[in-house]
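Good morning, and thank you for the invitation to speak. I would like to present one model to the group, beginning with its sheet.

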Amino acid sequence: MQKAINLGLAAAVALLGAGLAYSIATRPEPGLSQTEVESLLAQAAADQPVQSPATPPAETIDTATIGPVIEDYLLANPRLLERMSIELETQVRAEESERARIALAALEDEIYNDPANIVLGNPDGDVTLVEMFDYNCGYCRQVVADVMALVEEDPNLRVILKEFPILSQSSVDAARIAILVGRADVDYQDFHTALFSARGQVDTQAALAAAESLGLSRVSLELEMTAPDISDALQRTYTIAQALGISGTPTFIIGNEVIPGALPKADLVRRIEAMRECGSTVCTDSAQDG
């Protein structure tokens, strides 16, 4: 390779020399002498950078050789894969937690101050638990007693209920009625528990019956349930869910954490207590110090 470069350089110098010689022979005086031209050519050749030898190609990995070595090592150290799996899960959870924290901070007003929110417990409580639910969700039915117990047992807890109907059109219709009930001067908690205690699918008629038992007009509710502001209220919840990556019910939001699924009461209590202790659902040494 170096030899080829040298030959190319020599050819270029020769061509340049021939061109300069012709120019000198044909242009009028004054001009460079033959000796001066030769000196310039010699200097140009000397100024050319020295070409380093070509980098030798990397050695090809022999998978037939290295594969068994890796396999033998992993078989001899099986706990390594377990440690790698745990570390990967830890990193993934940390990344998800950070994304949730950023999204929750950006959506704070939409989550906690929406006029369609149903607030149970202490409206000025020091900790807020948000639940997004669907009236036809079996897992939501499982946790409703625990959530209501928390409202009764913890005088400093604020609970926000957000209608998040995703399972059927019947769920959407029931949620529309529920939003209207939430605006009325009645006990929404009674309506809420009545629907989750009902047999069969919760639909428009079931929601109307529960609302009527509280003294509300069935006819008025039917006329108002499709109003644009009711649709807007539901859409705001869907927008929050999309931003937070929520696709199921129930989903709880507390502090800096989005928690999908039917969380046991003891786990909810533990997170509420942690929020009071350190401002996070999980207290670390640094969080406690802060």
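Before the sheet itself, one term is needed: two strands are said to pair if DSSP finds at least two bridges between them. With that in hand, please look at the model, which is a predicted one. Its 5 strands form an open sheet with mixed pairing, and their order is 1-3-2-4-5. At the edges lie strand 1, residues 118-121, and strand 5, each of which pairs on one side only. From one strand to the next, the twist averages 20°.

Let us take the two edges in turn. Strand 1 runs antiparallel to strand 3, residues 157-163, and 4 bridges join them. Here Ile118 stands opposite Leu161 in strand 3.

At the other edge, strand 4, residues 251-254, is joined to strand 5 by 4 bridges, and these two strands also run antiparallel. Phe252 stands opposite Ile259 in strand 5. The two strands form a hairpin with 2 residues between them, and Gly255 takes a positive phi near 60° there.

Which residues of strand 5 are buried? In a regular strand, the side chains alternate between the two faces of the sheet. Strand 5, residues 257-260, shows this alternation: Glu257 and Ile259 point to one face and are buried, whereas Val258 and Pro260 point to the other and are not.

Finally, a word on confidence. The chain averages a pLDDT of 83, and 77% of the residues score at least 70. Over residues 1-32, however, the pLDDT is below 50, and this stretch has 16 contacts in the model beyond near neighbours in sequence.

Definitions and conventions
Residues numbered from 1 in each chain as written. Predicted model: local features only at pLDDT ≥ 70, side-chain atom pairs only at ≥ 80, totals over all residues. Heavy atoms only, no water. Buried < 20%, exposed > 50% of the residue type's maximum accessible area, 1.4 Å probe, protein only. Axes fitted to C-alpha atoms, helices over the stretch in contact; angles between N-to-C directions. pLDDT = per-residue confidence, 0-100. Contact = heavy atoms within 4.5 Å.
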